[in-house]
Amino acid sequence: MELAQIDQWAVGGASAWHRASTLAKITGTALVLAAIISANDWRALAAIYAAMLFVLAFARLPVFKIALIAAYPALFALLFALSAKGGIGIVVLILARGCTAALAMLLLITTTPYVEIFAALGRVLPALIADGLFATYRAFFILLETFARLVTGVRLRGGYSRWSWKGFTQMAEVIGVTFLHALDLAEHAHAALHLRGYAGKIPASGKWRRVNAQDIFPLALGVGAVVVTLLVR
Amino acid sequence: MPEIITHHKTWREIVRVHCVRHVYEDKTEVNLCGLDMVVREDERVAILGSNGSGKTTLLYHLVGLLRPLEGDVHVFGIEPHRAFAKIRERVGVVLQNVDAQIIGPTVYDDIAFSPRSYGFSESQVGKMVKEMLAELHIEHLQDRVPHYLSGGEKKKVALAGALVFYPQLLVLDEPFTGLDPQSRDELMDILNHFNQEHHLALVVATHDVDLVPRVADRAYVLSQHGIVAEGAPAEIFAQKELLRDARIDAPILAQLLNRLDARAGEELPLDVDGAAQWIRKHKSSL
Amino acid sequence: MSHLHLPDGIIPIFWLALGFAATALMLALALRNAREADSARRLPRLGIVAALMLIGMMAEIAIIGYHINLSVLGGILLGPWLGFIAAFLVNIILALFGHGGITVIGLNSLIIGSETILGWAIFRALKKKLNPRASAAATVVITLTLSTTLMVGIIALTQTQPALAFAGPEAGAPLITFELVAAAEEHPITQIDLARFAQLVYFFGAIGWVIEAAFTALVVGFFARARPELLAGDPRARLNKENHFGTRAD
């Protein structure tokens, strides 16, 4: 349920980093990513990674938990490690690049509400896709509640175990019921859109663009990352 | 907001439903024949019926979501399923499932959804939204993300979205279900306030009979036979047979007074003060 | 395993750009073909199925806390075009929290998107011959095999780079030749033994496919009992055209 947890961190935070404008944070993140994919020395990546850990702490976020989520690319790296012909060096580089990039995205998403990021993306994406992001986001939280409730219900009735065939079939049923609930929800959401005058686009506010003093931080991180990558090669 | 209607009650009809029949996909049929349903300007009308009686079906016909196979529905002179867009700003709707109804990413954005979709300028939109936030006392929620709100708060947000154009008719489907008593009272106060101060006619579908006297001037009773009765709440609740047939309980106060031997057909008080008075008056004969 | 997302930083920029271009093209097609008379109808369905694909990934089943891939089911329910868009949406959201790279959203979307499209097409074909559950199981196995092959193919391609050679004006020879040569630059992707990689992916993949097939079959079986019209194949024909909101509302 990482999405739900991440959403709470983003919406509930009040640090300077949180308060920086979405525009600045997206720009900063883009710079960091550019630096990461062109870095070819693991030391540069390590420095960027450490800087971001520091920022997370500064933003009063649970550093270890987030770093753990950012470790997902390690799975892919493992696959590469098992089929690499270039030796340990290449594995380290893959690991470093993947995980540092993931951490950069997590830094963005734990300090910026999804809805603001979607509002920003809405400027460049077609209407259905931009709206689709909002619709998916809302539906996710509504259905998560249904899903969690059903799982609890199954657990309370006893015998739910993910290690057994029974647990497997129960989960399939939970997903099935969640799906049906979802379709009913979709039906009502459709009615609501029709009733409220949906004109083909869900308009969002321009809050994401409002620059402020705190923007200096994410921009500094971005520029710093690029500089480090250029120097340490 | 512009005062389109004059202040005194004009008795002008804004809704008429005449013998509607609807058949769903799964072949279940809903019969809404019997009496015509009529709503006039500034009126507060309740639609009473047990679950499955067709209340939601009736409401959906009013707002053009369903097309009658037989019969007619007219709202503000037009047939909703044909041209709802023409009357959209005059009709507000609050569905049973608030989660489905809230569209915007934040409360502010949700209330702003209709005005923005209509193309109002951002400053006009801002005015309209702020006015709604103030009217419903939810200014403190304006930047919040909807899925973290409580049921009562979500209901208010949905209501704000429905009232943003100051419509003349508000249709609500079981609005009080699942609300705690305080939220329920707040909701009723807001509805009555809008009815009195902003010329808002109400159509409330509910099975909660105890609330009907507080939020309706007239009530229609729905049963499997269609629209079977109409009248002031006090009249309706005095008809024990009718209620039993429609599978509705009379309000608890009415039940109590009936038990205390109230005469059949007598109009019974439906609020606590009225009931207390009645008991004091009839004290000697109890 | 069936949901292996490519991370950032391993694929050369040329292929990243091509991935985005291909996805953009597919999206353009999808947007055109998914058009409906009532535009308010497709948005909720799209959001809901994409949300369910995300929830699927959060649900843990089987020994290693395996996460389910519902993209095939998504394709069956939404059809190929909205299905592809849903895959794209899911990828954006996943990329935003590090489950798959941002720079490779294009490539990842082609892979997951192919699962929705193929899932829809193959299920539709098999459904005529087999019962829903068997069709679903077979569809999943075939679709995931194909999408994994697509992924391996993409990895193989990214080990090369395009080379444009300008030939002299010889008689009969083309002026410009285009060929793919082994990448000259040091990119991590070029340092893997493709055969070995493919072996691993197919081996672990196969285990995953069996689990997925069983799970999807169960869910589809559930639908076949509860709401058979969902599996009818044409998402648009689900409701009576005149009464859009035909579900039993009371």
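This report describes the chain interfaces, the domain division of chain A, the strand pairing of chain B and the helix packing of chain C in a predicted model.

## Interfaces between chains

The interface between chain A and chain C joins 70 residues of chain A to 57 residues of chain C. On the side of chain A that touches chain C, at least two residues each are supplied by H1, helix H3 (22-38), helix H6 (73-83), helix H7 (88-111), helix H9 (127-156) and helix H10 (165-196) of chain A. Of the elements on this side, H10(A) gives the most, with 22 residues. By class, the side of chain A that touches chain C holds 49 nonpolar, twelve polar and nine charged residues.

Chain B also meets chain A: 23 residues of chain B are in contact with 22 residues of chain A. Two elements of chain B, helix H3 (98-101) and helix H4 (107-118), give two or more residues to the side that touches chain A. The most comes from H4(B), which gives seven residues to that side. The side of chain B that touches chain A comprises eleven nonpolar, eight polar and four charged residues.

## Domains of chain A

The domain assignment divides chain A into domain 1 (2-119 + 209-231) and domain 2 (127-203). Between the C-alpha centres of domain 1 of chain A and domain 2 of chain A the separation is 30 Å. Contact between these domains involves four residues of domain 1 of chain A and seven residues of domain 2 of chain A. Helix H1 (2-12) and helix H8 (114-121) of chain A are the elements that give two or more residues to the side of domain 1 that touches domain 2. The residues on this side of domain 1 are four nonpolar, no polar and no charged.

The composition of the three sides is set out below.

| Side | Nonpolar | Polar | Charged |
|---|---|---|---|
| Chain A, touching chain C | 49 residues | twelve residues | nine residues |
| Chain B, touching chain A | eleven residues | eight residues | four residues |
| Domain 1 of chain A, touching domain 2 of chain A | four residues | no residues | no residues |

## Strand pairing in chain B

In chain B, six strands form an open sheet of mixed pairing, in the order S6-S7-S8-S4-S9-S10. Strand S6 (91-94) and strand S10 (226-231) of chain B are the edge strands, and each pairs on one side only. From one strand to the next, the twist averages 15°. Within the order, strand S4 (residues 44-49) and strand S9 (residues 218-223) of chain B pair in the parallel sense over five bridges. B:Val45 has B:Arg218 in S9(B) as its bridge partner.

Another pairing in chain B is antiparallel: strand S1 (residues 13-23) of chain B and S3(B) are joined over four bridges. Here B:Val15 stands opposite B:Val39 in S3(B). The side chains of strand S3 (residues 37-40) of chain B alternate between two faces. B:Met37 and B:Val39 point to one face and are buried, whereas B:Val38 and B:Arg40 point to the other and are not.

## Chain C and its helix packing

Chain C contains seven helices and four strands, arranged along the sequence in the pattern α-α-β-β-α-α-α-α-β-β-α. Of its 250 residues, 53% count as buried. Among contacts in chain C between residues at least 6 apart in sequence, 72% join residues at least 24 apart.

Helix H4 (residues 80-96) and helix H5 (residues 105-127) of chain C have axes that come within 8 Å and cross at roughly 145°. The crossing of H4(C) and H5(C) is right-handed. Residues of H4(C) in this contact include C:Gly83, C:Phe84 and C:Ala87, and those of H5(C) include C:Ile112, C:Gly113 and C:Trp120. The residues of the contact between H4(C) and H5(C) divide into 13 nonpolar, six polar and no charged.

Helix H1 (residues 13-33) of chain C, in which C:Met26 is found, is linked to this helix pair through that residue. Leaving aside its neighbours within four places in sequence, C:Met26 is in contact with C:Phe84 and C:Gly113. C:Phe84 belongs to H4(C) and C:Gly113 to H5(C). C:Met26 and C:Gly113 are 87 residues apart in sequence, yet 9.3 Å apart in space, C-alpha to C-alpha. C:Met26 counts as buried because 22 other C-beta atoms lie within 10 Å, the cut-off for burial being 20 or more.

Key. Residues numbered from 1 in each chain as written. Chains lettered and ligands numbered in written order. Predicted model: local features only at pLDDT ≥ 70, side-chain atom pairs only at ≥ 80, totals over all residues. Contact = placed C-beta atoms within 7 Å. Nonpolar A, V, L, I, M, F, W, Y, C, P; charged D, E, K, R; others polar. Domains from an automatic or database assignment. Pairing = 2+ DSSP bridges. Axes fitted to C-alpha atoms, helices over the stretch in contact; angles between N-to-C directions. Left-handed = near helix turned anticlockwise from the far one by under 90°. Buried ≥ 20, exposed ≤ 12 C-beta atoms within 10 Å, placed from the backbone.
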